[in-house]
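Welcome! Let us take a friendly walk through this structure, one question at a time.

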Amino acid sequence: MNISIDDIKSKKIEQIAEKLESKNLPIFVICRRGNDSQKAVKRLREFIKGENAPRDVIGGLHAWTKKIDATFPIY
């Protein structure tokens, strides 16, 4: 799911968290450089706990390109 940081910071967070948790899948949060995803994970963890608690992809898409897939485009 593509969710804006503004939505995560808003009152919509409870609905977002419910939707994510209902899928019963691991939740990974990623952004361009990793800064907003850290904030998003912190906020989401207020609502989603346990083994499916959100996790941050440290370093974001830039780190993904550098360490995992060099063909992934950086924007």
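Q: Which residue forms a salt bridge with Glu46?
A: This is a predicted model, where local features need pLDDT of at least 70, side-chain atom pairs count only at pLDDT 80 or more, and totals for chains, interfaces and linings use all residues. Residues are numbered from 1 along each chain as its sequence is written, and side-chain values use heavy atoms, with hydrogens and water left out. A salt bridge here is a side-chain nitrogen of Lys or Arg within 4 Å of a carboxyl oxygen of Asp or Glu. The closest N and O atoms are 2.6 Å apart, and the partner of Glu46 is Arg43.

Q: Is Arg43 buried, partly exposed or exposed?
A: Buried means under 20% relative accessible area, exposed means over 50%, and partly exposed lies in between (1.4 Å probe, protein chains only). Its salt-bridge partner Glu46 has 47% relative accessibility and counts as partly exposed. Arg43 has 24%, so Arg43 counts as partly exposed.

Q: How many salt bridges does a search of the whole structure find?
A: Side chains of opposite charge can pair when their charged atoms come close. Glu46 and Arg43 make one such pair. Asp7 and Lys12 also meet through their side chains in a salt bridge, at 3.5 Å from N to O. For the whole structure, the number of salt bridges found is 2.

Q: What is the order of the elements from the N terminus on?
A: Helices (H or I, at least four residues) and strands (E, at least two) are DSSP runs, numbered from the N terminus. The chain has 4 helices and 2 strands. From the N terminus on, they run α-α-β-α-β-α.

Q: Which helix supplies the largest share of the largest nonpolar core?
A: A nonpolar core is a set of buried Ala, Val, Leu, Ile, Met, Phe, Trp, Tyr and Cys residues joined through side-chain atoms within 4.5 Å. The largest one has 12 residues, including Ile5, Ile16, Val29 and Leu44. Helix H1 (5–9), H2 and helix H3 (35–44) each supply at least two residues of this core. The largest share, 4 residues, comes from H2.

Q: Which residues does Leu44 contact, leaving aside its neighbours within four places in sequence?
A: Contact means heavy atoms within 4.5 Å. Leu44 is itself a member of the largest nonpolar core. With those neighbours left aside, Leu44 is in contact with Ile8, Ile13, Ile16, Leu20, Val29 and Pro54.

Q: Which side chain makes a polar contact with the side chain of Asn24?
A: A polar contact is a pair of N or O atoms within 3.5 Å; within protein, one must be able to donate a hydrogen and the other to accept it, and residues adjacent in sequence count only if both atoms are side-chain atoms. Asn24 is found in the loop between helix H2 (13–22) and strand S1 (28–29). Its partner sits in the loop between H3 and strand S2 (55–56). At 2.8 Å, the side chain that meets Asn24 is that of Asn52.

Q: Is Asn52 buried or exposed?
A: Asn24 has 57% relative accessibility and therefore counts as exposed. Leaving aside neighbours within four places in sequence, Asn52 is in contact with Asn24, Leu25, Pro26 and Ile27. At 16% relative accessibility, Asn52 counts as buried.

Q: What is the phi of Asn24 near?
A: Most residues other than glycine have a negative phi, and most peptide bonds are trans. Asn24 has a positive value and is a residue other than glycine. Its phi is near 55°.

Q: Which residues make the nonpolar surface patch of about 370 Å²?
A: Patches are made of residues with over 30% relative accessible area and no salt bridge: like charges are joined within 9 Å, and nonpolar side chains (Val, Leu, Ile, Met, Phe, Trp, Tyr) within 5 Å. Areas come from the Shrake-Rupley method with a 1.4 Å probe, and for residues only the protein chains shown count as cover. Phe72, in the segment after helix H4 (60–67), is partly exposed with a relative accessible area of 32%. The patch is made by Ile30, Trp64, Ile68 and Phe72.
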